[in-house]
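Me: I've got a model open and I'd like to talk through its empty spaces and its packing. Could you take my questions one by one?

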Amino acid sequence: QDPFIAFHLDKTLVRKYMRPLLIGELAPDQPSFEPSKNKQLVEDFRELRATVEKMGLLKPNHMFFILYLCHILALDVAAWLTIWYFGASPVPFLLSAVLLGTVQAQAGWLQHDFGHLSVFSKSRWNHWVHKFVIGHLKGAPASWWNHLHFQHHAKPNCFRKDPDVNMHPLFFALGKTLSVELGVQKKKFMPYNHQHKYFFIIGPPALVPLYFQWYIFYFVVQRKQWVDLAWMLTFYIRFFLTYFPLLGVKGILGLHLLVRFIESNWFVWVTQMNHIPMHIDYDKNVDWFSTQLQATCNVHQSLFNDWFSGHLNFQIEHHLFPTMPRHNYWKVAPLVKSLCAKHGIEYKCKPLLTAFADIVYSLKDSGELWLDAYLHK
């Protein structure tokens with residue numbers, strides 16, 4: 001029930017589509033609550049959810065998102081004007097790349113808002129604008145993002161259910177339990193005891209390889225998402241038409257690669273700081289609140305941190321209320337902290353640089369656990 005309520009705006013419409021999935025109902029004498037879940041915590045969270053709705057915290061401020069989009073478009077224009085006016089020498093070229101990298105990162109946070117249906121009251125309006133932002137401003141398919149991201153939210157940091165931790169075990173050993181298990185099984189796909197070092201090579205630049213660019217096109221063609229493909233092509237056509245006259249073929253390829261490198265580093269550090277250092281394991285089927293709190297942490301609030309991370313520094317609140325507009329996270333945070341305190345659940349919040357460092361420290365710890373199990377168990 002809690003995930004269903006968290007993800008959907010129009011509950012009546014979704015229930016209509018779910019009717020064919022009904023296979024039966026529990027008999028009156030059967031227990032209706034799973035023993036692996038904390039019943040009092042579930043009830044308290046549902047009361048908190050009702051309070052959030054009464055406070056109007058699920059209602060968006062449209063001007064916030066309009067201004068946010070305008071600042072992205074302004075940076076996009078500034079990047080082109082920099083090369084147009086100053087030429088393609090190294091300094092303006094690099095400045096333009098930084099501006100475009102910022103555009104890509106910020107457009108990534110904005111598409112995330114539309115993808116979570118947190119801007120408009122109608123799901124279809126969010127879907128329409130989502131295709132424009134992620135497709136035309138970023139060159140990626142909305143269907144691909146939806147396919148992966150909602151699995152992540154339903155079961156964050158649950159191995160084999162959250163695609164964001166599929167890097168285990170091929171590239172990294174993640175989480176204490178999974179790392180020890182890998183060592184006991186004598187599996188060594190990579191030298192995991194050095195993963196905190198090679199993370200810098202294959203982690204932050206993850207979006208740069210040609211594989212990623214090829215894969216998103218393969219995804220939309222395989223699934224026949226032609227509308228997404230059309231939106232993606234408008235990004236590449238616009239990028240080519242605006243920069244080719246100024247840079248030529250080599251210059252435009254170099255600019256695109258550099259922009260993706262900046263975007264990728266920005267994206268990976270921000271998205272992984274909230275999850276990699278947290279609990280990673282198989283799904284234990286615990287309640288919604290506990291599932292989210294053990295897999296997420298926050299980063300201190302500031303104007304810079306809010307902007308830099310697209311308000312994902314409030315990752316806990318975002319995971320508990322995925323459709324909440326991000327400008328309201330700070331308002332619900334004290335209520336979430338109180339509920340955590342009541343039930344003895346740790347509410348982790350840390351400085352930005354500490355959060356970055358914790359990615360590396362956690363990879364080092366799990367790599368050492370793997371090595372010890374590999375050698376001695």
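What follows is a short run of questions and replies about this model.

Me: Before we start, what kind of model is this, and where does the numbering begin?

Reply: This is a predicted model, where local features need pLDDT of at least 70 and side-chain atom pairs count only at pLDDT 80 or more, while totals for chains, interfaces and linings use all residues. Side-chain values use heavy atoms, with hydrogens and water left out, and residues in each chain are numbered along the sequence as written, from 1.

Me: How many cavities of 30 Å³ or more are there?

Reply: A cavity here is a set of points on a 1 Å grid over the protein atoms alone where a 1.4 Å probe fits but cannot get out; lining residues have an atom within 4 Å of a point. Volume is the space filled by probe spheres set on the points, which are joined across faces, edges and corners. With a floor of 30 Å³, the count is two.

Me: Which element gives the most to the lining of the largest cavity?

Reply: That cavity holds about 100 Å³ of space, and its lining includes Asp-76, Gln-104, Arg-238 and His-256. Helices are DSSP runs of H or I with at least four residues, numbered from the N terminus. Two elements, α5 and α11, give two or more residues to the lining. The one that gives the most, with seven residues, is α11.

Me: How do the lining residues of the second largest cavity divide by class?

Reply: This space comes to about 40 Å³, with Asn-157, His-279 and Lys-284 among the residues lining it. Ala, Val, Leu, Ile, Met, Phe, Trp, Tyr, Cys and Pro count as nonpolar, Asp, Glu, Lys and Arg as charged, and the others, Gly among them, as polar. The split is two nonpolar, three polar and three charged.

Me: Which residues lie nearest the centre of the second largest pocket?

Reply: A pocket is an open set of points with protein on both sides within 12 Å along at least five of seven lines. This one has a volume of about 390 Å³, and its lining divides into six nonpolar, four polar and six charged residues. Of the 16 lining residues, those nearest the centre are Gln-1, Asp-2, Glu-34, Lys-37 and Arg-46.

Me: Which helix gives the most to the largest nonpolar core?

Reply: A nonpolar core is a set of buried Ala, Val, Leu, Ile, Met, Phe, Trp, Tyr and Cys residues joined through side-chain atoms within 4.5 Å. This core has 39 residues, and Leu-174 and Phe-199 are among those touching the most other members. Giving the most, with seven residues, is α16.

Me: Is Asp-113 buried or exposed?

Reply: Asp-113 sits in helix α5. Leaving aside neighbours within four places in sequence, Asp-113 is in contact (heavy atoms within 4.5 Å) with Phe-65, Ser-118, Val-119 and Arg-326. Buried means under 20% relative accessible area, exposed over 50% and partly exposed in between, using a 1.4 Å probe and protein chains only. Asp-113 is at 4%, so it counts as buried.

Me: How far apart are the end C-alpha atoms of residues 240-259?

Reply: The unreviewed UniProt entry annotates residues 240-259 as "transmembrane region", though such annotations may be inferred rather than shown by experiment. The span is 100% helix and 0% strand, and the end C-alpha atoms lie apart by 14 Å.
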